[in-house]
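Reader: Could you walk me through this protein with me asking and you answering? I am new to reading structures, so please take it step by step.

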Amino acid sequence: MSKSYAIGIDIGGTSLKCGVVNELGEILFSFIVSLKEARTEKEIIRLMVDAITQCTDQLKEPIVGIGIGFPGLIENDVIIGGGVNLPGFDQLPLGKILKDLTGHHVVIDNDANLMGLAELIYGAAKDSTDAVFLTIGTGIGGAIMINKGLYSGFKNRGGELGHTVIQQNGIACNCGGRGCLETYASVTALIKYYQSQNPAADENIDGKTIIDKYLAGENHAIKTMEHHFDYLAAGIVNFVNIFSPQKVIIGGGISEAGQFYIDELTHRVKTFAIPVAFAHTSIVAADLGNKAGLLGACANAFQKFKDLKYSTT
C-alpha cells in the first residue's frame, strides 16, 4: 500500500465530505459534516479545521497536504466568489487561512474540475493523458485535463464548458449569456423541454422518469431525449474538435441511465466531429460517482505537494 496520504475536503451547499486517501486512490476513511447550522464564514472554516484535525488524529501518519474542492471561481487558493448557498467566501484567501490554522499545505480548486481530475487519475480515464469531463445535472460543469493536469486558462478563469455557446441569441442563461450548452442540455433543460412538449406532465417530474418513459417508447419522452442528445452532442463535438481528447467522460446521475445514453452521444459526435480529431476519442460514463470530489481533491494535493517534505504537524 502507498505510504503517501492526503486529506480531501469536498464542499457542498449543505455539507462537506472529508477523508483520507492514499496515492493509489484508496479512501481509508471519510465522513460527512453538516453545514446547515453554520451561519457564518468563520463557522464553516472552523468545521473544516475540526474535520482536518479529526483526520490527522485518526490517521496518525504524515500527510502530503490537503486538497479542497469548492464551488465557484478559485485563483491561487483564493475564493474569488460563487460559493452557492455559503455565507461569505468572497475574495477570501482560504488556502492561506487553513494553512495558518493547521500547519499543512493546502490547495483549492473548483469542485467540477476536481471531479474530472479524479476520473483522469483514478477512474474512467486513468489510462489517458488528455480528457474532457462533463457533469450533467441542474447545470453543466466541466473540466479540461491536458497531459494529466487540469487546464483552466489564465488565472484559472476558464474551463466553463457548460457555457459554450451553441445557439446564437438563444435561451437566456444564469451566467448572463445566451444560448449556452447548459440551457439546452442540462437535466433542468431536459425537464423544461419535456414539460413544453407534454402539457399534462407532472410539474415535479425528474430526469429519471423521463428516461424511463423514453425507454418505454412514450412519444413526448422520445422527442425530448432526441433533443437532449442532439444538443449535448453538439457541445461535445466542439470539445473534440478543439482538444481531441482521448476520453470524454460524462458524469452526473444521468450518465448512469445505461449504455444506450453513451451510445447515442457517440453516434452523433462521430457523425459531426472532424474525423481526425475524433479518431482516438472515446465517450465513456464516469466511474467514481459521489467519491469523485474527494478523490479529485486528494489527487490535486498529491500533484502539487508530493515532491515536498511531508507535513507532520
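Reader: How many residue pairs are in polar contact across the interface of domain 1 and domain 2?

Author: Happy to start there, and please keep in mind that this is a predicted model. The domain assignment gives domain 1 as 5-114 + 291-310 and domain 2 as 128-286. Across the interface of these two domains, with both residues at pLDDT 80 or more, the residue pairs in polar contact number six.

Reader: Which elements give two or more residues to the side of domain 1 that touches domain 2?

Author: One of them is a strand and the other is a helix. The strand is S5 (73-75). The helix covers 111-121 and is H3, so the names you want are strand S5 and helix H3.

Reader: How do the residues on that side of domain 1 divide into nonpolar, polar and charged?

Author: The contact takes 11 residues from domain 2 and nine residues from domain 1. On the side of domain 1 that touches domain 2, the division is five nonpolar, two polar and two charged.

Reader: What area do domain 1 and domain 2 bury between them?

Author: The C-alpha centres of the two domains lie 28 Å apart. Of the area buried between domain 1 and domain 2, 42% is on carbon and sulfur atoms. The buried area itself is about 830 Å².

Reader: Which three residues supply 57% of the area that domain 1 buries against domain 2?

Author: No other three residues of domain 1 supply more of that area. One of the three, Glu-75, also has a side chain that meets Lys-155 in a salt bridge. The full trio is Glu-75, Ala-112 and Asn-113.

Reader: What is the N to O distance in the salt bridge of Glu-75 and Lys-155?

Author: The rule finds two salt bridges across the interface of domain 1 and domain 2. Glu-75 sits in strand S5, while Lys-155 is in the loop between strand S10 (149-151) and helix H4 (181-185), 80 residues apart along the chain. For this pair, the N to O distance is 3.4 Å.

Reader: Is Glu-75 buried or exposed?

Author: A residue under 20% relative accessible area counts as buried. Its partner Lys-155 has 41% and is partly exposed. Glu-75 has a relative accessibility of 13%, so Glu-75 is buried.

Reader: What is unusual for a residue that is not a glycine in the phi of Asn-76, and what is its value?

Author: Asn-76 lies in the loop between S5 and strand S6 (78-81). With a relative accessible area of 68%, Asn-76 is exposed. Although Asn-76 is not a glycine, its phi is positive, at about 50 degrees.

Reader: Where does Ser-244 lie?

Author: Ser-244 is a residue other than glycine with a positive phi, near 45 degrees. Its relative accessibility of 34% makes Ser-244 partly exposed. Ser-244 lies in the loop between helix H7 (219-243) and strand S11 (247-251).

Reader: Which residues are linked with Asp-230 in a network of salt bridges?

Author: Let's begin with one pair: Arg-268 forms a salt bridge with Asp-230, the closest N and O atoms being 2.7 Å apart. That pair links distant parts of the chain, with Arg-268 in helix H8 and Asp-230 in helix H7, 38 residues apart. The residues linked with Asp-230 in the network are Glu-226, Glu-264 and Arg-268.

Reader: Why does Arg-268 count as buried?

Author: The cut-off for buried is under 20% relative accessible area, and partly exposed lies between that and 50%. Asp-230, at 41%, therefore counts as partly exposed. Arg-268 counts as buried because its relative accessible area is 9%.

Reader: How many salt bridges does the rule count?

Author: Another of the pairs is Lys-213 and Glu-218, whose side chains meet at 3.8 Å, N to O. Lys-213 is partly exposed at 28% relative accessibility, and Glu-218 is partly exposed at 24%. The count of salt bridges comes to 11.

Reader: Which residues is Ile-262 in contact with, leaving aside its neighbours within four places in sequence?

Author: Ile-262 has its place in helix H8 (residues 259-272). Its relative accessible area is 3%, so Ile-262 is buried. Beyond those sequence neighbours, Ile-262 is in contact with Ile-250, Ile-283, Val-284 and Ala-285.

Key: Residues are numbered from 1 along each chain as its sequence is written. This is a predicted model: local features need pLDDT of at least 70, side-chain atom pairs count only at pLDDT 80 or more; totals for chains, interfaces and linings use all residues. Side-chain values use heavy atoms; hydrogens and water are left out. Domain bounds come from an automatic or database domain assignment. Contact means heavy atoms within 4.5 Å. Buried area is the accessible area (1.4 Å probe) that two parts lose on being put together, summed over both. A salt bridge is a side-chain nitrogen of Lys or Arg within 4 Å of a carboxyl oxygen of Asp or Glu. A polar contact is a pair of N or O atoms within 3.5 Å; within protein, one must be able to donate a hydrogen and the other to accept it, and residues adjacent in sequence count only if both atoms are side-chain atoms. Helices (H or I, at least four residues) and strands (E, at least two) are DSSP runs, numbered from the N terminus. Ala, Val, Leu, Ile, Met, Phe, Trp, Tyr, Cys and Pro count as nonpolar, Asp, Glu, Lys and Arg as charged, and the others, Gly among them, as polar. Buried means under 20% relative accessible area, exposed over 50%, partly exposed in between (1.4 Å probe, protein chains only).
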